[in-house]
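Subject: Structure handover and findings

Hello,

Please find the structure below. My notes on what was found in it follow.

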Amino acid sequence: PIQRPEDLAAEVREFYRLFRLDLMEEGVYAARRGQIHLSLPMTSAVFDKIVGAVECFLTRRRGLIVAHC
């Protein structure tokens, strides 16, 4: 359970680590500091891949996310 600000920070870091790993599994890289780089030359297929990877994470980890909310 979250009882002080430090607890929340630890929870967020653990979820983000899992998020990064799941994104990498789908072929999308996110930097440790929380950045996903986008640029104008990227195609809509690349953006769709990123959106799909995030959706996959939310679907795959739904139970874990709901349990911590």
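What share of the contacts in the protein with a separation of 6 or more is accounted for by residues 24 or more positions apart? The figure is 43%. Please keep in mind that this is a predicted model.

Overall layout

The secondary structure comes to three helices and zero strands. Read from the N terminus, the elements run α-α-α. Of the 69 residues in the protein, 16% are buried. The accessible surface is about 5,400 Å², and carbon and sulfur atoms hold 60% of that area.

The nonpolar core

Nonpolar side chains in soluble globular proteins tend to be buried together. Here the largest nonpolar core has seven residues: F19, L23, V28, A30, I50, A53 and F57. Helix 1 and helix 2 are the elements that give two or more residues to this core. Helix 2 contributes the most, with three residues.

One member of this core, A30, has several contacts beyond its sequence neighbours. With neighbours within four places in sequence left aside, A30 is in contact with Y16, R20, L23, Q35 and I36.

F15 is found in helix 1. Its contacts, again leaving aside neighbours within four places in sequence, are F57, L64, I65 and H68. For F15 and L64, which are 49 residues apart along the chain, the C-alpha atoms are separated by 9.2 Å.

A buried arginine

R20 is found in helix 1. Is R20 buried or exposed, and which side chain of opposite charge is nearest? R20 is buried and has no salt bridge. The nearest side chain of opposite charge is E14, at 11 Å. A salt bridge needs the side-chain nitrogen within 4 Å of a carboxyl oxygen. Outside the neighbours within four places in sequence, R20 is in contact with Y29, A30, A31 and R32.

Salt bridges

Side chains of opposite charge can pair when their charged atoms come close. The count for this model is five salt bridges. Three of them are described here, starting with R60 and D22.

R60 forms a salt bridge with D22, with the closest N and O atoms 3.4 Å apart. R60 lies in helix 2 and D22 lies in helix 1, so this pair ties together parts that are 38 residues apart in sequence. The two partners differ in exposure: R60 counts as partly exposed because its relative accessibility is 35%, whereas D22 counts as buried because its value is 3%.

D22 also forms a salt bridge with R61, where the closest N and O atoms are 2.8 Å apart. This pair links distant parts of the chain, since D22 is in helix 1 and R61 is in the loop between helix 2 and helix 3 (62–67), 39 residues apart. R61 is partly exposed, with a relative accessible area of 24%.

The side chains of R60 and E26 meet in a salt bridge as well, at 3.3 Å from N to O. This pair links helix 2, where R60 sits, to the loop between helix 1 and helix 2, where E26 sits, and the two residues are 34 apart in sequence. E26 is partly exposed, at a relative accessible area of 31%. Through shared partners, salt bridges join D22, E25, E26, R60 and R61 into one network.

A nonpolar patch on the surface

Which residues form a nonpolar patch on the surface? They are L21, M24 and Y29, and together they have about 330 Å² of accessible area. Y29 lies in the loop between helix 1 (5–25) and helix 2 (44–60). Y29 counts as exposed because its relative accessible area is 53%, and the cut-off for exposed is over 50%. Y29 is also among the residues in contact with R20, and R20 is buried.

To recap the main points: the largest nonpolar core has seven residues, one network of salt bridges joins D22, E25, E26, R60 and R61, and a nonpolar patch of L21, M24 and Y29 is found on the surface.

Regards

Key:
Residues numbered from 1 in each chain as written. Predicted model: local features only at pLDDT ≥ 70, side-chain atom pairs only at ≥ 80, totals over all residues. Heavy atoms only, no water. Patch = residues over 30% accessible without salt bridge, like charges linked within 9 Å, V, L, I, M, F, W, Y side chains within 5 Å. Areas by Shrake-Rupley, 256 points an atom, 1.4 Å probe, with all protein chains shown as cover. Helix = DSSP H or I, 4+ residues; strand = E, 2+ residues; numbered from the N terminus. Buried < 20%, exposed > 50% of the residue type's maximum accessible area, 1.4 Å probe, protein only. Core = buried A, V, L, I, M, F, W, Y, C linked by side-chain atoms within 4.5 Å. Contact = heavy atoms within 4.5 Å. Lys, Arg positive; Asp, Glu negative; His and termini not counted.
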